[in-house]
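Biologist: Could you take me through the strand arrangement here, one step at a time?

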Amino acid sequence: MTELGSRLKEARQAKGLSLDDLQEITKIQKRYLKGIEEGNYDMMPGKFYVRAFIKQYAEAVGLETEQIFEEYKREVPDVYNEDLPEQISRVQSRKTVAPSTSKMLDIFPKILVAVFIIAAIALVYYLVTNFAGSGSKDKLGNSKDTPIETQPVKEKNKPVAQNKEDKTKDNTTQDKNDNNQDDANKKDDEDKKAETPAQEVKVISASGRNSTYQLVNSEKFEVKLVSTGRTWVNMKNGQGHSFFQGTLEEGKSQAVDFSNETEAYLVIGNATQTEIYINDQKLEFAVPPSESTSQNITIQFEKTKTE
């Protein structure tokens with residue numbers, strides 16, 4: 001048994017976990033876990049799997065993987081040549097080209113807003129001049145047409161009829177103006193909604209268990225994991241700081257706010273029984289997980305700047 005194997009075994013026993021329990025958490029076959037503890041790396045499928053299995057083993061028993069690899073780097077096989085293509089593909093995947101936008105599309109919303117502002121000013125001017133003038137005329141008409149007791153009854157009724165007609169016309173005009181104002185406000189709201197693009201989660205790269213996504217058109221970045229069975233998870237930022245790691249039982253969930261981070265890194269022990277939500281939007285796996293597989297998911301985030 002190697003020093004690394006002894007260290008891992010002691011950490012497992014300190015947590016009260018058997019190899020069967022660890023197999024259930026990491027989804028790594030028991031014979032490989034036993035091989036790691038005994039230092040028998042020749043039985044592994046390849047050097048890459050040795051490092052991957054050791055990493056999952058260490059995370060499951062609460063050890064810091066980077067520290068483990070540094071302390072026992074002589075015992076862990078070097079897989080630099082195997083990791084190099086994946087690192088190159090990640091570097092290339094981060095280079096995204098901003099889509100070219102048309103000048104006409106940029107100017108059009110501003111023109112539309114200016115037109116609505118001018119229309120609103122004209123409408124206010126029309127209402128002020130119309131109703132202010134009609135009010136003064138009504139007052140003058142009432143003072144002149146005040147009935148005298150000696151006049152016939154028919155002449156007294158005429159001004160009353162005229163006043164009713166004027167009020168009816170004024171009410172009809174005001175109703176039309178109110179409807180026009182409501183329509184203008186609705187169009188303003190629709191235009192503002194059209195100018196604000198909806199949140200989008202893009203797939204940048206996907207290879208085996210490793211997937212990279214990008215969140216755009218959003219000011220917040222909240223990730224929630226929901227377990228539909230039993231799964232072990234680790235939620236970290238781009239610098240490797242873990243906000244939460246542990247086992248989620250069926251029906252349990254864990255949410256972390258990454259709004260102040262540029263990247264979230266998720267280790268999902270049982271991807272088939274784990275749902276991922278980004279700002280309440282369910283994430284569809286770029287590579288559908290098969291039975292008893294884990295996935296490593298990276299989500300890049302650049303907060304949308306508001307004007």
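The questions and answers below concern the sheet of this predicted model.

Biologist: What is the order of the strands in the open sheet of 6 strands?

Modeller: The sheet is open, and its strands pair in a mixed fashion. At its edges stand β1 (200-207) and β5 (242-248), each with a single partner strand, so one side of each is left without a neighbour in the sheet. Read across from one edge to the other, the order is β1-β2-β10-β7-β4-β5.

Biologist: Which residue of β2 stands opposite Val-203?

Modeller: Strand β2 covers residues 210-216 and runs antiparallel to β1, to which 7 bridges join it. Within this pairing, the residue of β2 that stands opposite Val-203 is Tyr-213.

Biologist: How many residues of β7 are buried?

Modeller: On one side β7 is joined to β4 by 5 bridges in an antiparallel pairing, with Lys-236 opposite Tyr-265. Strand β10 (residues 295-301) also pairs with β7 in the antiparallel sense, over 6 bridges, and there Ala-264 faces Ile-299. Glu-263, Tyr-265 and Val-267 point one way from β7, while Ala-264, Leu-266 and Ile-268 point the other way, and all are buried. The strand is therefore largely enclosed by the rest of the structure, the buried count being 6 of the 6 residues.

Biologist: At about what angle to β4 does helix α4 run?

Modeller: Helix α4, which spans residues 47-60, lies across three strands, namely β4 (231-237), β5 and β7 (263-268). Relative to β4, the helix runs at about 95°.

Key. Residues numbered from 1 in each chain as written. Predicted model: local features only at pLDDT ≥ 70, side-chain atom pairs only at ≥ 80, totals over all residues. Heavy atoms only, no water. Pairing = 2+ DSSP bridges. Helix = DSSP H or I, 4+ residues; strand = E, 2+ residues; numbered from the N terminus. Contact = heavy atoms within 4.5 Å. Axes fitted to C-alpha atoms, helices over the stretch in contact; angles between N-to-C directions. Buried < 20%, exposed > 50% of the residue type's maximum accessible area, 1.4 Å probe, protein only.
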